[in-house]
Amino acid sequence: MKHNMITEPATTATTATRKVAKPAVYFLILLLSYYLGYLSALIKNPSYDHPTTTKVNPPPQAVDVDHYQFQTQCAEPIPPELVRQTILTRIFNGSSPYNGFPQPHIEPFLRQKRIKGWGSTGLVFKNLIQKVKPKTIIEIGTFLGASAIHMAELTSQLGLQTQILCLDDFRGWPGLPGQFRDIKMINGDTMLLYQFMQNVVHVNATESIIFLPFSTGSTLERLCEWGVLADLIEVDAGHDFHSAWSDINRAYKLLRPGGVIFGHDYFTVADNRGVRRAVNMFARVNGLRVKADGQHWVLDSF
Ligand SMILES: C[S@@+](CC[C@H](N)C(=O)[O-])C[C@H]1O[C@@H](n2cnc3c(N)ncnc32)[C@H](O)[C@@H]1O
């Protein structure tokens with residue numbers, strides 16, 4: 001009895017302690033795992049701020065409106081015969097940029113001909129030029145001129161007097177100098193434009209190919225303001241969704257009735273960057289049907 005009398009309160013105390021200790025241990029484990037999780041997130045992602053940070057999306061309506069707003073009306077179209085002179089006047093103070101090319105200080109850096117393209121001689125070019133017989137072609141994304149020169153050769157073979165406008169800032173992309181070591185860079189300036197010009201001079205196509213060495217967005221807007229429209233437009237500049245989406249929207253309104261717009265990388269590894277999504281979305285919004293020709297996508301005008 002005595003024994004019991006002494007031990008009973010102790011047992012009760014132990015049981016009580018256990019009852020209190022168990023949730024406390026669980027709580028501590030929970031706290032510890034939360035802390036460890038937080039620490040590991042910090043290690044994986046130093047910019048990790050707080051797990052409860054929420055992303056506030058604007059209402060869907062606002063997103064839709066912003067993405068679909070492009071100027072729809074261009075100036076009255078100028079006749080195709082005036083296109084070249086209009087570009088020379090508006091961009092090159094009235095004279096040909098090929099005059100006196102290459103300047104003596106540039107010549108040592110150029111190769112006689114250095115062409116590289118991607119799908120630049122695909123059958124789609126021949127198919128569309130034969131079908132449309134274009135007087136004006138706009139190429140959005142030219143690089144060294146592989147596709148532009150191919151189109152110049154095709155139009156000349158068909159006896160067409162076609163003017164090809166090449167839109168490119170001739171900067172390529174970040175990392176280009178490492179990939180194309182033979183295209184020289186002087187004080188951070190890549191010789192891409194001059195090598196493109198040299199290629200055009202080499203194939204004697206300076207009368208049919210003229211270039212607009214600026215960003216595609218601003219140039220397409222200017223062409224629209226100047227009424228410079230085209231029968232055939234090739235889109236092959238920025239390949240991310242937003243670049244392709246805005247180039248296609250801006251270019252489409254430059255099409256003459258019966259014209260065709262087309263572009264590369266509908267069926268290549270590059271398409272997952274967004275070209276195909278942009279083309280499909282544009283076709284869906286405008287009720288058009290996308291046709292495929294090799295690696296290229298093709299859309300007819302309304
Ligand atoms: C794939 S290459 C064009 C290749 C050419 N069509 C061919 O087949 O030979 C893409 C070109 O687009 C140009 N480009 C990309 N984004 C541009 C932008 N926003 N404005 C002007 N040029 C751009 C780059 O400088 C590059 O020369």
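The exercises below, each with a worked solution, concern a predicted model of a protein with a ligand.

Residues are numbered from 1 along each chain as its sequence is written. In this predicted model, local features need pLDDT of at least 70 and side-chain atom pairs count only at pLDDT 80 or more, while totals for chains, interfaces and linings use all residues.

**Exercise 1. Confidence and overall make-up**

State the mean pLDDT of the protein, and identify stretches where pLDDT is under 50.

*Solution.* Begin with the term: pLDDT is the predictor's confidence in each residue, from 0 to 100. Its mean over the protein is 84, and 77% of the residues reach 70 or more. Next, consider residues 1-17, where the pLDDT is below 50 and the model shows zero contacts beyond near neighbours in sequence. Two residues are in contact if their C-beta atoms, placed from the backbone, lie within 7 Å. Residues 34-56 also stay under 50, with two contacts beyond four places in sequence.

Then take the secondary structure: there are ten helices and nine strands. These are DSSP runs (helices H or I, at least four residues; strands E, at least two), numbered from the N terminus. Finally, of contacts between residues at least 6 apart in sequence, 79% join residues at least 24 apart.

**Exercise 2. The ligand shell**

Determine how many residues surround the ligand and how they divide by character.

*Solution.* A residue belongs to the surroundings if its C-beta atom, placed from the backbone, lies within 6 Å of the ligand. By this criterion 19 residues surround the ligand, the closest being G117, S120, G141, A146 and S147. The shell divides into five nonpolar, ten polar and four charged residues. In this division Ala, Val, Leu, Ile, Met, Phe, Trp, Tyr, Cys and Pro count as nonpolar, Asp, Glu, Lys and Arg as charged, and the others, Gly among them, as polar.

**Exercise 3. Helix α5**

Compare the expected span of helix α5 with the distance between its end C-alpha atoms, and say what covers its buried residues.

*Solution.* The expected span is 1.5 Å times one less than the number of residues. For the twelve residues of α5 (residues 146-157) this gives 16 Å, and the end C-alpha atoms are 17 Å apart, which agrees.

A residue is buried if 20 or more other C-beta atoms lie within 10 Å of its own, exposed if 12 or fewer, and partly exposed in between, with C-beta atoms placed from the backbone. In α5 the buried residues are S147, A148, I149, M151, A152 and T155. Their cover includes the helices α4 (123-132) and α7 (192-202) and the strands β1 (136-140), β2 (163-167), β5 (209-212) and β6 (230-235). Just after the helix, G159 takes a positive phi of about 75°.

**Exercise 4. The interior**

Which residues have the most contacts inside the largest nonpolar core, and what do L165, F211 and V275 touch?

*Solution.* A nonpolar core is a set of buried Ala, Val, Leu, Ile, Met, Phe, Trp, Tyr and Cys residues joined through C-beta atoms within 7 Å. The largest has 59 residues, and those with the most contacts inside it are I138, I233, A251, L254 and I261. Apart from residues up to four places away in sequence, I261 touches I233, V235, A251, Y252, L255 and L299.

Turn now to L165, in strand β2. L165 is buried because 24 other C-beta atoms lie within 10 Å. Leaving out residues up to four places away, L165 touches I87, I138, E139, I210 and L212.

F211 lies in strand β5. With the sequence neighbours up to four places away excluded, F211 touches T142, C166 and D168. F211 and E139 are 72 residues apart in sequence, yet their C-alpha atoms are 9.3 Å apart.

V275 belongs to helix α10 (residues 275-286). V275 has 28 C-beta neighbours inside 10 Å and therefore counts as buried. Beyond four places in sequence, V275 touches H239, A244, G263, D265, Y266 and A270.

**Exercise 5. Backbone features**

Locate the cis peptide bond from F101 to P102, and decide whether N187 and N204 are buried or exposed.

*Solution.* The F101 to P102 bond is cis, with omega near -5°, and P102 sits in the loop between α3 (83-92) and α4. N187, although not a glycine, has a positive phi of about 50°; its place is the loop between β3 (185-186) and β4 (189-190). N187 has 4 C-beta neighbours inside 10 Å, so it counts as exposed. N204, also not a glycine, has a positive phi of about 60° and is found between α7 and β5. With 10 C-beta neighbours inside 10 Å, N204 counts as exposed.
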